[in-house]
Amino acid sequence: MTGPVDLSRATFLRGAAKVGQLLPDVGVEVAFAGRSNAGKSSAINALTASKALARISKTPGRTREINFFRVDELARRRLVDLPGYGYAKVPRSVKQHWVSLVEGYFAGRRSLHGVVVIMDVRRPFTELDLQMLGWCARAQLAVHVLLTKADKLSRGRAAQVLDSERRRAARESWNLTLQLFSATRGLGLDEARRQIGHWLLSD
């Protein structure tokens, strides 16, 4: 990769099904969040040059834990895969558990230096995406948005969406940056890796 942090070294560390199982709040973390089926697992695997670091399922909503991945030998720099949100075909109790788990993670997490929010370029900034951005804003976290599946649009149309959403973010005074991304085509990998590497080295 281009950048000071080699994300290809990432390995699974631990899953947390409840707040009490979270890793100690030391070191530096970058979290990944996104609506179910927006391509979060594919993005993580592409960024880490792995085929199966993050589990990809044809059934959205399968990730029900917060999964931690170490990037360095001592696990002081980590990637964090948050449960996908917004999939309707799960019990209400499961949805409520996800909300409490993710809110508990965001609450006062000093090691969390940035959040990569995954959005399908064809359906960005849904109501649930805005809720996630609200959590990030309250926690005063930097956000980098990957507009995934950009290969599903023509190059011109994808560029139009990116420009439109950047102008929208400016109007709404959202504290975030955006880019186009495609896990299958490798589009935007270097840009995303640079941002993640910057956060991981910001301790």
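These notes cover the sheet, the helices packed on it and an aromatic cluster in a predicted model.

1. **Sheet order.** Seven strands make up an open sheet with mixed pairing. Their order is β1-β3-β4-β2-β5-β6-β7. The edges are taken by β1 (11-16) and β7, each with a single partner strand, so one side of each has no neighbour in the sheet. Direction ignored, neighbouring strands are turned by 25° against each other on average.

2. **The β1 edge.** β1 pairs with β3 (residues 66-70) in the antiparallel sense. The pairing runs over 5 bridges. Within it, Arg14 stands opposite Phe68 of β3. Phe68 is worth keeping in mind, as it returns in the aromatic cluster with Tyr105, Phe106 and Trp135.

3. **Helix α3 on the sheet.** α3 packs on the sheet and touches β2, β5, β6 and β7. Its direction makes about 170° with that of β5. This helix spans residues 127-138 and holds Trp135.

4. **Helix α4: geometry and placement.** α4 covers residues 155-172, 18 residues in total. From first C-alpha to last it reaches 26 Å, close to the 26 Å expected at 1.5 Å a residue. The helix lies across β6 and β7 and runs at about 175° to β7. Just after α4, Ser173 takes a positive phi of about 60°.

5. **Helix α4: two faces.** Which residues of α4 are buried? They are Ala158, Val161, Leu162, Glu165 and Ala169. These residues cover an arc of only 100° around the axis, which puts them on the same side of α4. The general rule is that an α-helix has 3.6 residues a turn, so residues three or four places apart point the same way. The buried residues of α4 pack against β6 and β7. On the face turned away from the buried side, Ala170 and Arg171 are exposed. Note that Glu165 is among the buried residues of this helix.

6. **Helix α5.** α5 runs from 189 to 200 and has 12 residues. Its span is 16 Å between first and last C-alpha, close to the 16 Å expected at 1.5 Å a residue. Leu189, Ala192, Arg193, Gln195, Ile196, Gly197, Trp199 and Leu200 are buried. What do the buried residues of α5 pack against? The partners are β2 (28-34), β4 (77-81), β5 (112-120), β6 (143-148) and β7 (176-180), together with helix α1 (40-47). β6 and β7 also receive the buried residues of α4.

7. **Aromatic pairs.** The count comes to 5 aromatic pairs. Tyr105 and Phe106 have ring centres 5.9 Å apart and planes at 70°, so this pair is edge-to-face. Both residues are buried. Phe106 and Trp135 have ring centres 6.2 Å apart and planes at 50°, so this pair is tilted. Phe106 lies in helix α2 (residues 92-106) and Trp135 in α3, so the pair ties together parts 29 residues apart in sequence.

8. **Aromatic cluster and burial.** Phe68, Tyr105, Phe106 and Trp135 form one aromatic cluster. Why is Phe106 classed as buried? Its relative accessible area is 7%, and buried means under 20%. Trp135 counts as buried at 11% relative accessibility.

Key:
Residues are numbered from 1 along each chain as its sequence is written. This is a predicted model: local features need pLDDT of at least 70, side-chain atom pairs count only at pLDDT 80 or more; totals for chains, interfaces and linings use all residues. Side-chain values use heavy atoms; hydrogens and water are left out. Helices (H or I, at least four residues) and strands (E, at least two) are DSSP runs, numbered from the N terminus. The expected span of a helix is 1.5 Å times one less than its number of residues. Buried means under 20% relative accessible area, exposed over 50%, partly exposed in between (1.4 Å probe, protein chains only). Contact means heavy atoms within 4.5 Å. The arc is that of the directions from the helix axis to the C-beta atoms. Rings of Phe, Tyr and Trp (its six-membered ring) pair if their centres lie within 6.5 Å; planes under 30 degrees apart count as stacked, over 60 as edge-to-face and the rest as tilted. Two strands pair if DSSP finds at least two bridges between them. Axes are lines fitted to C-alpha atoms, for helices over the stretch in contact, and angles run from 0 to 180 degrees between N-to-C directions.
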